[in-house]
Every structure is written in C-alpha cells, then in structure tokens.
Amino acid sequence: MYSLYAQTKEKLRFATYRGYNLCNPTAAVLAHLLFDKRSTRKKIRSAFKLIRLTPRYRHHDQLKGDAYIWHCDRDDQTRLALSIGNRLSDKQPRNISYMPAIKEDASKSLDWRAMYAAWRITRRCSLPLLLQFYVFSALCHSIKHFRAIDRLQIPQQLTSLVSFNSANIPECFLVAACRHHGLPTYSLQHGLYHRYRGEQPIDIINYENVTASTLLVWSEFCRAEIAAFHREIGRTPDYRIQIAGYIDPPAPQPGSRPSPTPHKHLLCVLPGKRYVADSIQLLHLLASLPAHYRLTVRLHPLLAKDAALMAALSPSASLDDSSTLAHALRAGHYDLAVGFNTTSLFEATLFGVPCALYQASSLNLIADGIPSFSIADELAQLADAPIDTHQLAEHILGASCFRYAEIINAAET
C-alpha cells in the first residue's frame with residue numbers, strides 16, 4: 001500500500017494554495033484513506049465526511065508565543081507527550097496545547113472556495129477516478145485547515161512551534177502554516193524510526209511526511225536510517241535532522257545480574273497488530289522451552305485482549321499488566337528480553353536487561369550487535385549465557401543524551 005501512497009503523493013509534489021505547500025499535509029490525510037483496510041464503500045464514506053468537516057481550531061487562543069502541541073490516542077503516548085512538553089517548559093515557559101481530533105473540533109459545512117481550489121489541483125493529476133476522489137477530498141480538507149488558520153491568524157500569535165509529531169493529522173497543518181510564515185518549527189521522534197525492509201506500514205509517514213523544518217531524532221542510528229530511506233527513493237529530506245537523544249530516559253539503572261539458579265526469567269515484548277501472526281509463532285517457540293524457563297509476556301497496548309495471542313500463550317506464562325514497560329522492568333528481575341519490531345525490546349537495555357531479537361519473517365529492523373534466534377535451542381543458549389547488549393541503549397536509542405530543550409531554546413534566543 002505504501003507504493004500506491006507514494007505514487008499518489010508524487011502527483012501532489014508541487015500543489016500549493018495561497019503559497020502554502022499542500023503536499024505533505026494532504027499526504028497525511030491521504031495516507032489514512034489509502035492504508036484503511038476497510039471496504040471501498042466505507043473509505044468513500046470517510047472521504048465524503050472529510051469534504052464536509054470544517055476545522056474550528058477552537059483552542060486557538062492557547063496558541064501564543066513559544067508553543068508545544070500534541071495529539072495522542074494511547075495512554076502511554078499521552079504520558080510521553082506531556083512529559084516532553086513539561087520538560088521543554090522547565091526553564092523557558094512554553095504554552096502546551098492539546099490538538100483535538102478533527103471530529104472533535106469541526107463543524108459540518110461545505111466550503112465552495114476550498115472545493116473549487118481542490119478541484120483545480122485534482123484535475124491536473126493523472127489518476128484513476130477513485131484515487132482522484134480521494135485526492136480531492138484530502139486536498140479539500142487540507143485547504144479548509146489553511147483557510148481557518150489564516151482567518152484566525154494563528155501564526156501571527158506564535159514565535160515558535162514544537163510538535164510532538166508533525167506528520168500527525170491534527171498537528172501537521174498548523175506546523176506547515178507556521179513553517180511557511182518563517183517560524184522555527186520542530187517535530188519529535190516518538191518511536192523507533194528505521195527503514196522498513198519488507199512491508200512499509202503507515203508508520204513510515206512519521207519521518208517521510210514531516211512538515212516541520214527540523215526533526216529531532218534519538219540517535220545517529222535513527223538519523224542514518226532516515227537518510228538511507230530517502231536515498232533509496234531518490235529524494236533529499238526537506239527538513240533538517242538533529243540528534244537530541246532518547247525522548248523518555250529513565251533514572252540510571254544498575255546492570256542486570258544473572259539468576260543464580262537455572263530458572264531463568266524471560267520477558268517477551270510483542271509488537272503491534274501488523275505482526276500478530278509472527279507474534280503467535282514466537283509465543284509457540286517460547287512455549288516449547290523447558291519448564292525451568294519462566295516466561296512473562298507484555299502485549300502491545302492495542303492488543304491487550306487479542307484472542308489469537310491469548311490462545312497462543314503457554315499455560316505457565318504470566319501476563320504483565322504494568323502501566324508502562326518501565327514499571328514492569330523496575331518491579332521484576334529479568335534475565336533476558338525477547339521480541340521483534342518493537343522499541344520495547346531496546347528499552348529493556350536501559351534497565352540493564354540483555355535483549356535478543358527473534359528472526360521473524362516480518363523482521364524489518366536490522367542493526368549490528370543484536371543477538372538473535374530463530375529456534376528454541378538458540379534462545380535457550382542466549383538465556384543461559386546472555387550477551388551484554390547495554391551498548392544498544394546508546395547506539396539505537398541515544399540513551400545518554402537529552403538535548404531537546406538545549407537545541408530548541410538555543411534556536412529561539
């Protein structure tokens with residue numbers, strides 16, 4: 001699906017409205033239509049709704065001076081977004097503003113000027129009819145955002161803007177508008193950014209579709225992965241990339257000590273819903289380990305009640321229900337963390353827990369220095385004699401660095 005998204009986005013590369021570059025903001029909307037796995041009929045209904053939804057920006061009075069905006073649907077991401085906002089505001093006051101989902105912050109009305117402008121752009125795109133309709137609806141919605149931002153003169157109230165994720169629909173339009181008006185704009189890396197070697201999911205727009213002028217990333221590893229992706233598609237990022245360090249550093253932790261008994265405790269951290277099939281395979285592999293290996297499984301927050309995963313759990317395995325991974329790692333002693341395609345695997349190294357990478361068929365993250373396994377015997381060897389992986393915390397996560405406030409405040413003074 002990414003290929004279709006990228007080809008369609010290319011048609012919008014030079015689309016503008018009142019000087020605003022429409023490409024990336026419109027692509028953010030378009031991605032959610034194209035990656036939607038529902039029926040075509042339901043996607044068409046969603047596109048029609050976009051044409052009618054007119055943004056209100058009812059919280060525009062909060063957007064003044066140096067501002068930080070965020071929108072998250074998950075509790076763990078909300079905690080992270082607020083944490084970074086508060087830390088940015090610690091030494092230099094910054095207005096923190098939640099950006100509501102468009103359905104919560106819009107009226108239903110048609111804007112004929114926006115529709116006409118969207119139609120003029122769409123008719124120049126050589127696309128199949130259905131794709132043209134999706135492009136038209138996304139353009140119409142984007143243009144209505146910029147019209148509302150202009151009407152309320154929001155950029156004129158601001159001196160800088162930091163966005164938790166400028167590729168996120170509630171945030172991207174305002175960031176793009178402020179960048180157009182010459183304001184310093186920043187977007188933050190909130191998950192592990194890397195090249196996707198196989199299937200390219202919608203998550204890729206987090207760094208492919210940045211609307212801010214500067215993207216602050218965790219590490220040189222992430223910067224290099226983003227740069228390599230752009231080289232592969234023959235494009236240069238239209239934003240700066242600066243290394244700012246891990247966005248959620250825990251308090252320093254002592255190194256993990258191996259269990260003095262043969263009863264090793266393994267923590268399995270599982271990725272999101274795209275990888276359920278391979279997660280089941282991993283759970284089956286873990287269930288085949290001898291009884292003296294104790295197993296705790298931490299499910300992805302969006303898969304806490306997934307029936308297929310629950311059915312694949314070993315009867316002797318326990319589920320971790322801690323509010324955060326940090327709580328889980330502080331509360332229990334683990335000899336080894338295992339998983340694939342999830343940041344949580346490398347976060348374990350922040351707490352002195354060695355990690356091992358499951359060689360799933362959908363594995364899309366390749367990095368040097370990660371012990372890996374594909375069968376139970378290989379995993380048992382790693383559990384009995386874990387390989388020190390603490391260096392991955394620095395290499396992949398940028399754990400020893402936290403320069404967000406330093407970088408942003410320096411640019412604003």
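This is a short dialogue on reading a predicted model.

Colleague: What should I know before reading the values?

Modeller: The model is predicted: local features need pLDDT of at least 70, side-chain atom pairs count only at pLDDT 80 or more, and totals for chains, interfaces and linings use all residues. Residues are numbered from 1 along each chain as its sequence is written, and side-chain values use heavy atoms, with hydrogens and water left out.

Colleague: How many helices and strands does the protein chain have?

Modeller: Helices (H or I, at least four residues) and strands (E, at least two) are DSSP runs, numbered from the N terminus. The protein chain has 16 helices and 16 strands.

Colleague: What does the radius of gyration say about the protein chain?

Modeller: The radius is taken over C-alpha atoms, and the globule rule is 2.2 Å times the number of residues to the power 0.38. Here the radius is 23 Å, and the rule gives 22 Å for 413 residues, so the chain is as compact as a globular protein of that length. Along the principal axes, the C-alpha atoms fill a box of roughly 70 × 50 × 40 Å.

Colleague: What share of the residues is buried?

Modeller: Buried means under 20% relative accessible area, exposed over 50%, and partly exposed in between (1.4 Å probe, protein chains only). Buried residues make up 55% of the 413.

Colleague: And contacts? What share joins residues 24 or more positions apart?

Modeller: Contact means heavy atoms within 4.5 Å. Of the contacts with a separation of 6 or more, 76% are between residues 24 or more positions apart.

Colleague: Take one helix. Which residues of α14 are buried?

Modeller: In α14 (residues 376–384), these are Ala376, Leu379, Ala380, Leu382 and Ala383. They lie on the same side of α14 because they cover an arc of only 165° around the axis. That arc is of the directions from the helix axis to the C-beta atoms. Asp377 and Gln381, on the other side of α14, are exposed.

Colleague: What do the buried residues of α14 pack against?

Modeller: Their partners are β11 (265–269), α10, β14 (336–339), β15 (355–358) and β16 (372–373).

Colleague: Now backbone angles. Where does Tyr57 sit, and is Tyr57 buried or exposed?

Modeller: Tyr57 is in the loop between β3 (53–55) and β4 (65–70). Its phi is near 50°, a positive value in a residue other than glycine. Tyr57 is buried, at 4% relative accessibility.

Colleague: What is the phi of Asn341?

Modeller: Asn341 has a positive phi of about 50°, although it is not a glycine. Its loop runs between β14 and α13 (344–347). Asn341 is buried, with a relative accessible area of 15%.
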